[in-house]
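Okay, thanks for squeezing me in today. I'd like to walk you through a few spots in this structure, so have it open in front of you.

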Amino acid sequence: MAKPVTITDVKTILTAPNDIRLVVVKVYTSEPGLCGVGCATFTQRALAVATAIDKYLRPFVMGRDVDRIEDIFQACNLSGYWRSGPVLNNALSGVDQALWDIKAKRAGMPLYQLFGGKCREAVPVYVHASGESFAQVEEAARAYMEQGFRYVRCQAAVPGYSTYGNRSMNSFAALNLSQTRTWEPTPYVTMVPDLFAHLRGALGAGVELLHDVHERIPAIQGVWLAKALEEYRLFFLEDLFAPEDVDYFRMVRQQTATPLAMGELFVNQAEYVPLIRERLIDFIRVHISDIGGLTPARKLAAFCEYMGIRTAFHGPGDVSPVGHAANMHLDLAIPNFGIQELSLFRDETREVFPGCPEVRDGCMWANDEPGLGIDVDERRAAMYPYPDHPTNGCWPEIRGLDGTIFRP
Ligand code: GCO
Ligand code: MG
């Protein structure tokens with residue numbers, strides 16, 4: 001038997017192009033020049049992930065056979081005894097995705113080939129349109145449609161409140177300011193159906209529209225909102241409830257056919273299995289690095305396939321381009337792909353990550369390089385150090401008019 005190729009080093013790379021704190025892992029091997037990359041980004045706790053990798057996973061995986069991805073995943077996961085959670089899962093994902101990258105490079109194939117080959121030519125994505133007024137949201141959506149995007153997430157600001165998904169909230173640089181933001185759910189809940197009445201009227205029936213509630217409202221207002229939106233035929237309504245309130249899915253399901261997407265905050269299979277088993281959601285939204293990487297994500301996708309649920313893997317700006325490439329390779333190869341979220345890559349980010357997926361005709365396209373087809377340029381990465389801030393990327397507080405804290 002040939003001598004195994006082994007892990008000779010694991011390096012954590014911290015970089016913040018466009019002020020977004022990203023965590024990327026590079027796994028080096030005993031074969032000269034052969035290494036792989038993985039995404040381990042948990043932007044609000046990035047330094048904790050780096051410690052988990054450098055102090056725990058690196059020494060644990062050194063010298064192991066790179067071919068044994070499943071075994072390494074299981075061993076790492078159990079090595080802390082207490083397992084799951086976003087810090088440990090992201091650390092695990094960095095190593096796991098890098099090992100898949102390495103395996104596909106060794107096979108001389110793009111990773112989607114190892115997953116069974118293409119089910120589609122490219123990966124349709126949804127992009128984010130937002131604005132202070134309905135007219136601004138419409139204008140942003142139209143601009144995307146003109147560029148060939150067929151799926152648009154639409155978020156409008158509620159005047160006087162810090163609304164999730166509008167332009168200022170989307171700026172991660174702004175998120176670094178430790179200032180309290182004000183929020184009240186009722187003005188938002190009453191605004192959203194009016195927004196979609198406007199957008200359907202203006203944009204017609206052809207475009208797929210999406211919306212993210214971001215778990216910010218009392219659950220029963222969520223039930224009302226899902227019903228009120230039914231007539232506007234959303235592609236999906238996301239995070240209507242918080243992970244703590246998932247039992248409400250049983251209630252809302254009896255009352256409306258608005259398609260529901262859930263799961264970006266899930267970090268443990270015990271959280272998402274019941275929703276899939278009972279067919280309480282239509283799209284699984286997990287953030288692949290937050291559940292531990294491609295090894296668990298493949299199993300999750302297959303389970304969803306058997307239950308008639310489609311995928312919509314999380315793809316905001318705080319997934320590194322390496323993570324977007326990982327999403328894309330899995331999206332290409334699964335029959336029950338639904339949609340892929342994409343935060344468009346800016347020039348600064350593309351420079352740090354050569355091989356960043358190409359975006360055209362409303363889709364992400366894989367290059368045919370072996371592996372994930374992407375790398376991290378360490379010299380360029382070093383040009384974008386993490387912004388220096390005392391809370392290191394913590395999210396600012398959101399509070400009601402009486403001072404009550406709200407979910408972000
Ligand atoms: C989305 C998400 C993100 C998250 C962010 C948290 O659906 O795109 O809700 O915008 O808020 O990834 O860091
Ligand atoms: Mg979301």
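I'll go through some helix packing, then a handful of single residues.

One thing up front: this is a predicted model, so please keep that in mind as I talk.

Let's begin with helix α1, residues 46–61, and helix α3, residues 86–107. Their axes come within 8 Å of each other and cross at roughly 60°. An angle like that is neither parallel nor perpendicular by the cut-offs we use, so α1 and α3 are oblique to each other. As for the hand, α1 passes α3 in a right-handed crossing.

Who's touching whom there? On the α1 side you've got Ala-48, Val-49, Ala-52, Ile-53 and Leu-57. They meet Val-87, Leu-88, Asn-90, Ala-91, Leu-92 and Val-95 of α3. Sort that contact by class and you get 10 nonpolar residues, 1 polar and no charged ones.

Now look at the other partner of α3, which is helix α2, residues 69–78. These two pack with their axes 10 Å apart, at an angle of about 170°. Anything over 145 degrees counts as roughly antiparallel, so that's what we call α2 and α3. From α2, the residues in the contact are Ile-69, Ile-72, Phe-73, Cys-76 and Asn-77. What they meet in α3 is Leu-92, Asp-96, Leu-99, Trp-100 and Lys-103. The class split in this contact is 7 nonpolar, 1 polar and 2 charged. If Leu-92 rings a bell, it's because Leu-92 is also on the α3 list for the contact with α1.

Let's stay on α2 for a moment. Which of its residues are buried? They are Ile-69, Ile-72, Phe-73 and Cys-76. Around the helix axis they cover an arc of only 100°, so they sit on the same side of α2. If you want the reasoning behind that kind of pattern, an α-helix has 3.6 residues a turn, so residues three or four places apart point the same way. As for what covers that buried side of α2, the list includes β1 (7–15), α1, α3 and α12.

Between α2 and α3 there's a loop, and Gly-85 is in it. Gly-85 has a relative accessible area of 16%, so we call it buried, since the cut-off is under 20%.

Okay, jump along the chain to helix α11, residues 269–277. Here Tyr-272, Leu-275 and Ile-276 are buried. Looking down the axis of α11, those buried residues fall within an arc of 100°, so they line one face of the helix. Flip to the other side of α11 and you find Ala-270 and Arg-277, both exposed. The cover over the buried residues of α11 includes α10 (248–253), β9 (260–262), β10 (283–284) and α12 (294–306). You may remember α12 from a minute ago, where it was among the elements covering α2.

Now the single residues. Glu-341 is in strand β12, residues 340–341. Is Glu-341 buried or exposed? With a relative accessibility of 1%, it counts as buried. Skipping neighbours within four places in sequence, its contacts include Tyr-126, His-128, Arg-153, Arg-285 and His-324. Also on that contact list for Glu-341 are Phe-313, His-314, Gly-315 and Pro-316. Glu-341 and His-324 are 17 residues apart along the chain, and their C-alpha atoms are separated by 9.2 Å.

Next, Asp-377, in the loop between β14 (363–365) and α15 (378–381). Its relative accessibility is 23%, so Asp-377 counts as partly exposed. Again leaving out neighbours within four places in sequence, Asp-377 is in contact with Glu-351, Val-352 and Pro-354.

Last, two aspartates for anyone who checks backbone angles. Asp-239 isn't a glycine, yet it has a positive phi of about 45°. You'll find Asp-239 in the loop between β8 (236–238) and α10, and at 2% relative accessibility it counts as buried. Then there's Asp-361, also not a glycine, with a positive phi near 50°. Asp-361 is in the loop between β13 (358–360) and β14.

That's my tour, so over to you.

Technical notes:
Residues are numbered from 1 along each chain as its sequence is written. Chains are lettered from A and ligands numbered from 1 in the order in which they are written. This is a predicted model: local features need pLDDT of at least 70, side-chain atom pairs count only at pLDDT 80 or more; totals for chains, interfaces and linings use all residues. Side-chain values use heavy atoms; hydrogens and water are left out. Axes are lines fitted to C-alpha atoms, for helices over the stretch in contact, and angles run from 0 to 180 degrees between N-to-C directions. Helices (H or I, at least four residues) and strands (E, at least two) are DSSP runs, numbered from the N terminus. Angles under 35 degrees count as roughly parallel, over 145 as roughly antiparallel, 65 to 115 as roughly perpendicular and the rest as oblique. A crossing is left-handed if the near helix is turned anticlockwise from the far one by less than a right angle, and right-handed if clockwise. Contact means heavy atoms within 4.5 Å. Ala, Val, Leu, Ile, Met, Phe, Trp, Tyr, Cys and Pro count as nonpolar, Asp, Glu, Lys and Arg as charged, and the others, Gly among them, as polar. Buried means under 20% relative accessible area, exposed over 50%, partly exposed in between (1.4 Å probe, protein chains only). The arc is that of the directions from the helix axis to the C-beta atoms.
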